[in-house]
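Me: I have a model open and want a close look at one part of it. Please take me through the charged pairs and what surrounds them.

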Amino acid sequence: MHEEIRSSQWVRRRRMSRMQRLSNKHPFLCVGLPFLVAVVGGSFVLLPSQQTKYELQDKRVRLATLEEAKGERRKFNIQEEYFRMQTAGTWGEWEPKRVARPPEEEPVFDRHDKK
């Protein structure tokens, strides 16, 4: 019985030494190859879920554009908008005014002009 234990330990040590020699000779097989398999396998696993996500998003966008196309919208014309704003009476009331800023936020070129 004692010899059986010794022989099994010897076999285990022999296998370990074989594995250690293999990993020392070819580290890519023990580290790099499993990593690459995990990365490539993960991409194949995640691909269907990502594809489903983008298909659903595309379907929503298509439905929204179809609903917009069904509704009657007038085309934008800049001249019409200009005349509409003039007739509304708000055109003459508007005046561009500068918003006061704190001195530390003043642009550099404005600071030099005021001196």
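Reply: What follows starts with the whole chain, then goes to the salt bridges, and ends with the nonpolar patch and the confidence scores.

This is a predicted model. The protein has 4 helices and 0 strands. Read along the sequence, the pattern is α-α-α-α. Of its 115 residues, 4% count as buried. The accessible surface is about 11800 Å². Carbon and sulfur atoms account for 60% of that surface.

Now the charged pairs. Side chains of opposite charge can pair when their charged atoms come close. The structure holds 2 salt bridges.

Take helix α3 to begin with. α3 covers residues 78-88. Here Arg84 forms a salt bridge with Glu81. The closest N and O atoms of this pair are 2.7 Å apart. The two side chains are also joined by a polar contact of 2.7 Å. How far apart are Arg84 and Glu81 along helix α3? They are 3 residues apart, so about one helical turn separates them.

Is Glu81 buried or exposed? Glu81 has a relative accessible area of 14%. The cut-off for buried is under 20%, so Glu81 counts as buried. Its partner Arg84 has 45% relative accessibility and therefore counts as partly exposed. This salt bridge thus has a buried acid and a partly exposed base.

Which other residues does Glu81 touch, leaving out those up to four places away in sequence? They are Arg74 and Phe76. So look at three residues around Glu81 in the viewer: Arg84, its salt-bridge partner, plus Arg74 and Phe76, its contacts from further along the sequence.

The two ends of α3 also deserve a look. At the start of the helix, a side-chain oxygen of Asn77 reaches to within 3.3 Å of the backbone nitrogen of Gln79. After the helix comes Gly89. The phi of Gly89 is positive, near 90°.

Next, helix α2, which spans residues 27-70. Arg62 forms a salt bridge with Asp58. The closest N and O atoms are 2.6 Å apart. Arg62 and Asp58 are 4 residues apart in α2, so about one helical turn lies between them. Arg62 is exposed, with a relative accessible area of 54%. Asp58 is partly exposed, at 34%. Compare the acids: Asp58 is partly exposed, whereas Glu81 is buried.

Helix α2 also contributes to a nonpolar surface patch. The patch has an area of about 1100 Å². Its residues are Met19, Leu22, Phe28, Leu29, Leu33, Phe35, Leu36, Val37, Val39, Val40 and Phe44. Which helix gives the largest share of the patch? It is α2, with 9 residues. Helix α1, residues 2-25, also supplies at least two. Leu22 is one of the patch residues, and Leu22 is found in α1. Leu22 has a relative accessible area of 35%, so it is partly exposed. Patch residues need over 30%, and Leu22 at 35% is above that cut-off.

Last, how far to trust the details. The average pLDDT of the protein is 78. At least 70 is reached by 74% of the residues. Among the elements, α2 has the highest mean pLDDT, 86. Helix α4, residues 108-114, has the lowest, 57. Where pLDDT is low, the predicted coordinates should not be read in detail.

To sum up, there are 2 salt bridges. Arg62 and Asp58 pair in α2, with 2.6 Å between their closest N and O atoms. Arg84 and Glu81 pair with 2.7 Å between theirs, and Glu81 is the buried acid in α3.

How values were computed. Residues numbered from 1 in each chain as written. Predicted model: local features only at pLDDT ≥ 70, side-chain atom pairs only at ≥ 80, totals over all residues. Heavy atoms only, no water. Patch = residues over 30% accessible without salt bridge, like charges linked within 9 Å, V, L, I, M, F, W, Y side chains within 5 Å. Areas by Shrake-Rupley, 256 points an atom, 1.4 Å probe, with all protein chains shown as cover. Salt bridge = Lys/Arg side-chain N within 4 Å of Asp/Glu carboxyl O. Buried < 20%, exposed > 50% of the residue type's maximum accessible area, 1.4 Å probe, protein only. Polar contact = N/O pair within 3.5 Å; in protein donor to acceptor, adjacent residues only side chain to side chain. Contact = heavy atoms within 4.5 Å. pLDDT = per-residue confidence, 0-100.
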